[in-house]
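These are my notes from going through one model, residue by residue and element by element. I wrote each entry down as I looked it up.

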Amino acid sequence: PYIQKKKGEDSDIAAYFTSCNRNKQSIALNFTKPAGQAVIKELLKDSDVLIENFKTGTLDKYGLGYEQLKEEFPGLIYCSITGFGHTGPYKERPAYDMLIQAMGGSMSITGVPDGEPMKMGLSMFDLTAGLHGVIGILAALNDRHHTGLGQHVDISMLDVSVALLQNQGMNYLAKKERQARVGNNHPNVVPYQVMPSRDGHFILTASNDEQFERFCKVAGRMELMEDIRFNTMKARVVNRSVVTPALNEITKMRPTAWWLERLEKEKVGCAPILHPDEVFADPHVLSRGMLIEMDVPGCEEPASFIGSPMKFSRTKVNYRLPPPRLGAHTEQVLLDNGYVEEDIEALRESGTIDFEPRAPGSEPPATQIITAREVRASRKKEEAARLRGSTWGRVSSVSEPQLDGYTLPISEYNASPVGRLPDKPISHLKVST
């Protein structure tokens, strides 16, 4: 899908693209040409970090690999994010998230026990490889504060997928035995799973014996604590085939909201299973600034975006720029880095760069831009949530055919400006397809 230019009309900006390209300037540069390679090296003179995600060896062909740049730019942090890394027998293979889910072990442990292996609903290792790239870059920058030297940060999606096996990986390494798929259950905790209710499903995570006893109290089934198959976590895991069906029959007797309100009161882990429309209308999610609106060039109405999960005590997350069109900032970036109009026109005529000076969003940014507004729940909804202590009675389960939960508060929001330009940001250059 595409973000809306106006109600009922798509723009040419894909929702997928907008999800990962906020706060970026875009230049269109042909680095296969020597003149393009020279432009990149000129930009690197004032850059701290270069990020690239081409197949291993691609940039080496154009003199832009780390080994080719490190002598000229000894302080450069050069981060490569690839499917299999820059070493090892698979290093030249292309990769996609589903391939990595399969090869990294996560698909073998995801899905119902008697079904086929299942991929996750998110492009998990595309996303987490990027996050590990950021962590690696920050570590390399910290090292550079002490040594003055940059280095190559080599991030492999496969490495990340293996690292994130975490407890499941250690379950295997501890006893060298394969783990059977347990579907929505937890391999080490029972109950920690999707539970059926009278009108749908909900999540129950009684992660210790005290919480399980409180669940039994809510359910009116304290006799389970006298049953040796139920009264300890180890016993419940060993007797999963008995415990899970028995608990399912108990939770089926009441509607979802009944369970959630009472379990929350007793401090037993529980949650509804929400649709995205319910997530982006939840008063708590909105109170945390997780839904924002930004003015996007070429769109008549502000577009909705997901907010940053990072909250700082002294500074605000700075939403400076909406996702750019390809090449929207080519001219401005080059002007800011010492190029003159004649040089830029020559590069354009030679096919080294490309941009449309009159395209929406290509105008140079002002010193300070505020284009983002946090979308808030109405005061009435926030106050109701505080007074009730929960919103469980206002949500619907993902398994229900009809949705009767919140709707997006299109007009009910507080338009509060978010963020400002930093005094001196870390500069970086990202080279990608």
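**Helix α7, two sides.** I began with the residues of α7 that face outward, in a model that is predicted, and found Gln 166, Met 170 and Ala 174 exposed on one side of this helix. The buried residues of α7, which runs over residues 166-175, are Gln 168, Gly 169 and Asn 171. These three cover an arc of only 150° around the axis, which puts them on the same side of α7. I then looked at what follows the helix, and noted that Lys 176, just after α7, takes a positive phi of about 55°.

**Cis peptide.** Going further along the chain, I looked up the omega angle between Val 190 and Pro 191, which is about 0°, so that I record a cis peptide bond joining these two residues. Pro 191 lies in the loop between α7 and β7, the latter spanning 192-196.

**Positive phi elsewhere.** I next asked which other residues that are not glycine have a positive phi, and I kept two of them for this entry.
- Asn 23 is not a glycine, yet its phi is positive at about 65°. I place Asn 23 in the loop between α1 (15-18) and β3 (28-29), and I list it as partly exposed because its relative accessible area is 23%.
- Lys 267, also a residue other than glycine, has a positive phi near 60°. Its place is in the loop between α11 and β9, where β9 covers 269-271. With a relative accessibility of 65%, Lys 267 counts as exposed.

**Salt bridges.** How many salt bridges does the count give? The count comes to eleven, and I went through three of them by hand, taking the burial of each partner along with the N to O distance.

The side chains of Lys 6 and Glu 9 meet in a salt bridge at 3.7 Å, N to O. I class Lys 6 as partly exposed because its relative accessible area is 34%, and Glu 9 is likewise partly exposed, with a relative accessible area of 31%.

The side chains of Asp 227 and Arg 229 form another salt bridge, with an N to O distance of 2.9 Å. Are the partners here buried or partly exposed? Asp 227 has a relative accessibility of 19% and so counts as buried, the cut-off being under 20%. Arg 229, at 36% relative accessibility, counts as partly exposed.

For the third pair I looked up Asp 295 and Arg 373, whose closest N and O atoms are 3.1 Å apart in a salt bridge. Asp 295 sits in the loop between β10 (291-294) and β11 (303-306), whereas Arg 373 belongs to strand β13 (residues 372-374), so the pair ties together parts that are 78 residues apart in sequence. Asp 295 is partly exposed, with a relative accessible area of 36%, while Arg 373 is buried, with a relative accessible area of 16%.

**A contact across sequence.** I also took down the C-alpha distance between Leu 321 and Met 294, which is 8.4 Å, although the two residues are 27 apart in sequence. Leu 321 lies in the loop between β11 and α14, and α14 covers 330-336. I enter Leu 321 as buried because its relative accessible area is 15%.

**Charged patches on the surface.** Last, I turned to like charges that gather on the surface, and recorded one patch of each sign.

Which residues make up the negative patch? I list Glu 341, Glu 342, Asp 343, Glu 345 and Glu 349 as the members of this surface patch of negative charge. Of these I checked Glu 345 on its own: this residue is found in helix α15, residues 341-349, and at 35% relative accessibility Glu 345 counts as partly exposed.

The patch of positive charge on the surface gathers Arg 198, Arg 254, Arg 262 and Lys 265. Here I checked Arg 254, which lies in the loop between α10 (240-251) and α11 (256-265). Arg 254 has a relative accessible area of 37%, so I enter this residue as partly exposed.

Terms used. Residues numbered from 1 in each chain as written. Predicted model: local features only at pLDDT ≥ 70, side-chain atom pairs only at ≥ 80, totals over all residues. Heavy atoms only, no water. Patch = residues over 30% accessible without salt bridge, like charges linked within 9 Å, V, L, I, M, F, W, Y side chains within 5 Å. Areas by Shrake-Rupley, 256 points an atom, 1.4 Å probe, with all protein chains shown as cover. Salt bridge = Lys/Arg side-chain N within 4 Å of Asp/Glu carboxyl O. Lys, Arg positive; Asp, Glu negative; His and termini not counted. Charge placed at Lys NZ, Arg CZ, Asp CG, Glu CD. Helix = DSSP H or I, 4+ residues; strand = E, 2+ residues; numbered from the N terminus. Buried < 20%, exposed > 50% of the residue type's maximum accessible area, 1.4 Å probe, protein only. Arc of directions from axis to C-beta.
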